Amino acid sequence: MVLDAPGRRLELRTLPTPEPAAGEVLLRVLACGVCRTDLHVLDGELEHPKLPLVLGHQIVGEVLEGGTRFAAGDRVGVPWLGATCGTCRYCTAGRENLCDAPRFTGYDVDGGFAEQAVADERFCFPIPVGYPDAQAAPLLCAGLIGYRSLRLAGDAAALGLYGFGAAAHIVCQVAVAQGREVYAGTRAGDDDAQRFAQSLGAVWAGDAMEGPPAELDAVIVFAPDGALVPAALAALRKGGSVVCAGIHMSDIPAFPYEALWGERLIRSVANLTRADGDEFLALAPTVPVRTEVEVSPLADANEVLDRLRRGDVRGAAVLVP
Ligand SMILES: [Zn+2]
Ligand SMILES: [Zn+2]
């Protein structure tokens with residue numbers, strides 16, 4: 001499914017079989033998760049993508065050939081972080097998520113809305129056993145970046161998750177297993193999402209703009225709506241943090257300094273490191289994280305993206321060739 005230019009529909013097209021360069025694996029795509037970031041690329045909110053482009057950065061694939069790290073037949077995952085420079089001040093300081101010259105899957109290089117893909121083997125992960133292909137796919141971005149966001153929320157015992165989509169439904173399970181109280185903020189009147197959050201252990205689910213009846217230690221904002229940031233701040237205790245997990249967000253409205261006073265923090269989360277991935281993929285089966293997925297054929301990618309835009313996906317959307 002090919003994107004020719006931002007704003008266009010994806011087109012089903014036959015492309016040449018991708019050729020793995022040295023250090024790359026050729027994969028048969030078994031499943032690929034659909035992420036809000038795919039919409040940001042499609043809509044031109046993330047600028048200068050490779051064009052034409054195959055979107056998709058939550059690839060579960062079977063190794064066909066190439067590289068030395070994996071054997072043919074191995075099942076591997078390809079995340080958003082497709083490659084880094086390895087030499088910049090961030091890469092050499094264990095912060096490769098902030099690399100100055102990264103390549104992102106389904107943005108700078110072709111991704112997984114396809115039958116085959118190539119990937120730098122150093123940035124692939126073994127898929128934990130016990131996860132079927134489609135259920136494993138959302139672990140690779142919703143899970144990994146969700147988990148990094150949770151880590152950056154610190155030891156928050158009362159944790160808000162604002163925007164209850166693919167990432168929040170995974171983070172909620174991890175947070176509840178860690179003994180935290182989860183407060184799920186959704187759009188006003190989104191009963192489905194609120195019931196879904198409660199079924200996964202949230203102690204409260206309601207309108208994010210109004211906020212919960214309790215003071216929160218941290219809020220992770222997953223929805224790309226800047227108005228949620230002052231709303232999250234208003235729910236925080238002194239010293240608490242708002243963690244913005246998305247790669248793009250609408251402008252944050254002005255708010256009085258008083259709302260930030262009391263050593264409250266606002267921070268973003270950018271990308272992932274391979275260490276995040278190793279840690280989360282080891283943790284997920286022990287929780288155990290169970291992903292709820294809506295599986296669709298690859299050729300339906302446009303309709304699935306439309307549903308995601310409308311907020312009509314429960315859990316995570318996954319495409320299967
Ligand atoms: Zn993503
Ligand atoms: Zn770098």
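In this predicted model, helix 3 (residues 142-152) packs against helix 4 (residues 166-177), with the two axes 8 Å apart and inclined at an angle of about 55 degrees. That angle makes helix 3 oblique to helix 4, and the crossing of the two helices is right-handed. Helix 3 contributes Ala142, Gly143, Ile145, Gly146, Tyr147, Ser149 and Leu150 to the contact, while helix 4 contributes Ala166, Ala167, Ile170, Val171, Val174 and Ala175. Sorted by class, the contact of helix 3 with helix 4 has 10 nonpolar residues and 3 polar ones, and no charged residues.

Helix 3 also packs against helix 7 (274-283). Here the axes are 9 Å apart and the angle is about 100 degrees. An angle from 65 to 115 degrees counts as roughly perpendicular, and helix 3 and helix 7 are therefore described in that way. On the side of helix 3, the residues involved are Gly143, Leu144, Tyr147 and Arg148, which meet Asp276, Gly277 and Phe280 of helix 7. The contact of helix 3 with helix 7 has 3 nonpolar, 2 polar and 2 charged residues. Gly143 and Tyr147 are listed in the contact with helix 4 and also in the contact with helix 7.

From helix 4 the description can be carried on to the strands. Helix 4 lies across strand 10 (158-162), strand 11 (181-186) and strand 13 (216-221), and runs at about 160 degrees to strand 11. These three strands belong to an open sheet of 6 strands, whose order is 12-11-10-13-14-15 and whose pairing is parallel. Strand 12 (204-207) and strand 15 (265-268) stand at the edges of the sheet; each has a single partner strand, so one side of each is left without a neighbour in the sheet. On average, and with direction ignored, neighbouring strands of this sheet are turned by 20 degrees against each other.

At one edge of the sheet, strand 14 (residues 236-244) and strand 15 run parallel and are joined by 4 bridges. Val243 has Arg267 of strand 15 as its bridge partner. The loop between strand 14 and strand 15 contains Glu263, a residue other than glycine whose phi is positive, near 60 degrees. For context, most residues other than glycine have a negative phi.

The next level of description is that of domains. The protein is divided into domain 1, which comprises 2-140 + 272-320, and domain 2, which comprises 144-268. Taken over C-alpha atoms, the centres of domain 1 and domain 2 are separated by 25 Å. Between them, 23 residues of domain 1 are in contact with 18 residues of domain 2. On the side of domain 1 that touches domain 2, helix 1 (36-42) and helix 7 each supply at least two residues. Helix 7 gives the most to that side, with 4 residues. By class, the residues of this side of domain 1 divide into 12 nonpolar, 6 polar and 5 charged.

Two cis peptide bonds complete the account. One is the bond from Leu51 to Pro52, with omega near -15 degrees; Pro52 is found in the loop between helix 1 and strand 3 (53-54). Another cis peptide bond joins Val287 and Pro288, with omega about -15 degrees. Pro288 is located in the loop that runs between helix 7 and strand 16 (293-297). As a general point, most peptide bonds are trans.

Technical notes: Residues are numbered from 1 along each chain as its sequence is written. Chains are lettered from A and ligands numbered from 1 in the order in which they are written. This is a predicted model: local features need pLDDT of at least 70, side-chain atom pairs count only at pLDDT 80 or more; totals for chains, interfaces and linings use all residues. Axes are lines fitted to C-alpha atoms, for helices over the stretch in contact, and angles run from 0 to 180 degrees between N-to-C directions. Angles under 35 degrees count as roughly parallel, over 145 as roughly antiparallel, 65 to 115 as roughly perpendicular and the rest as oblique. A crossing is left-handed if the near helix is turned anticlockwise from the far one by less than a right angle, and right-handed if clockwise. Two residues are in contact if their C-beta atoms, placed from the backbone, lie within 7 Å. Ala, Val, Leu, Ile, Met, Phe, Trp, Tyr, Cys and Pro count as nonpolar, Asp, Glu, Lys and Arg as charged, and the others, Gly among them, as polar. Two strands pair if DSSP finds at least two bridges between them. Domain bounds come from an automatic or database domain assignment.
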